[in-house]
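This report introduces a protein model to a reader who has not met it before. It takes up a helix pair, a pocket and two points of backbone geometry.

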Amino acid sequence: DIPPELILQLMPIFHKKYVGTDFSNFKCRMVLLGNHWRNTHGIDTYASMVDMDTMKLILSVAAAADLDLFGMDVIGAFLTTTVNKKRQPRSVLDPPQPNNTYYMRRPPGVTDSEMPYISQPGAFVYGHPLANPEFTEDLHECLVDVGFVPSTYNNNVYILNNHLGTAILARAVDDMPTAYTGGQNMKDFIVQGIKNIYPITEADPLETILGMEILRDRQH
């Protein structure tokens, strides 16, 4: 009795993972065919991330001010989202939150012992049009709780000023390249704050971002 339009097909997608200038790594991910999802509620399905020019500007500031650089990456980012998560309305004029429950059909060739034919995900699986905006909202809440403030210049750039120092964090979906002062204490403060919410990997020093390879040429 599930309406057919709520059932999305799950498929394995193989692709080459772009790391710096190296295309040699392959990746496989289970992805929904999200183009079959019907946006009956007219929800904004934006995909927002820091642009290349802004990232270059942050790297230039880091080079000029001799800031330290490291990166963080949320593991399985979209799988950390919650379907129909209750959020605080930003205004009394906000409409009621719609029901975004959906279902997925297992990939061809998968057996009953491996996966149910139809399942109801608790997260917005990769490929679902709401995966990126929902993760963006969650990550924003996490960063604000840590003490970051979104920049008025670019809402994918966050600034942190506290007794330890200053940090500039950019958001590229689930990657967070960060320039900072305050040494190891500041880095530990940021990492622990995000680890309280998300499982992450760290890249220290930062070597690649948005296809750019980063090499520090310090005199000391």
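In what follows, a helix axis is a line fitted to C-alpha atoms over the stretch in contact, and angles run from 0 to 180 degrees between N-to-C directions. The model described here is predicted.

**Helix packing**

Helix α2, residues 131–146, packs with helix α3, residues 183–195, at an angle of about 135°, and their axes are 9 Å apart. Angles over 145 degrees count as roughly antiparallel and those of 65 to 115 as roughly perpendicular, with the rest beyond the roughly parallel range taken as oblique; α2 and α3 are therefore oblique to each other. The crossing in which α2 passes α3 is right-handed. On the α2 side, Cys142, Leu143 and Val146 make the contact, and on the α3 side Phe189, Gly193 and Ile194 do so. By class, these contact residues comprise five nonpolar, one polar and no charged.

**The second largest pocket**

The second largest pocket holds about 770 Å³ of space. Its lining consists of 20 residues, with Arg87, Asp94, Gln97, Glu134 and Glu137 lying nearest the centre. Eight nonpolar, four polar and eight charged residues make up this lining.

**Backbone geometry**

Most residues other than glycine have a negative phi, and most peptide bonds are trans. The table lists two departures from this pattern.

| Site | Feature | Value |
|---|---|---|
| Asp204 and Pro205 | cis peptide bond | omega about 5° |
| Val173 | positive phi | phi near 60° |

Pro205 is located in the loop between β10 (200–203) and β11 (208–209). Val173 lies in the loop between β8 (165–170) and β9 (178–180).

Notes:
Residues are numbered from 1 along each chain as its sequence is written. This is a predicted model: local features need pLDDT of at least 70, side-chain atom pairs count only at pLDDT 80 or more; totals for chains, interfaces and linings use all residues. Side-chain values use heavy atoms; hydrogens and water are left out. Helices (H or I, at least four residues) and strands (E, at least two) are DSSP runs, numbered from the N terminus. Angles under 35 degrees count as roughly parallel, over 145 as roughly antiparallel, 65 to 115 as roughly perpendicular and the rest as oblique. A crossing is left-handed if the near helix is turned anticlockwise from the far one by less than a right angle, and right-handed if clockwise. Contact means heavy atoms within 4.5 Å. Ala, Val, Leu, Ile, Met, Phe, Trp, Tyr, Cys and Pro count as nonpolar, Asp, Glu, Lys and Arg as charged, and the others, Gly among them, as polar. On a 1 Å grid over the protein atoms alone, a cavity is a set of points where a 1.4 Å probe fits but cannot get out, and a pocket is an open set with protein on both sides within 12 Å along at least five of seven lines; lining residues have an atom within 4 Å of a point. Grid points are joined across faces, edges and corners, and a volume is the space filled by probe spheres set on the points.
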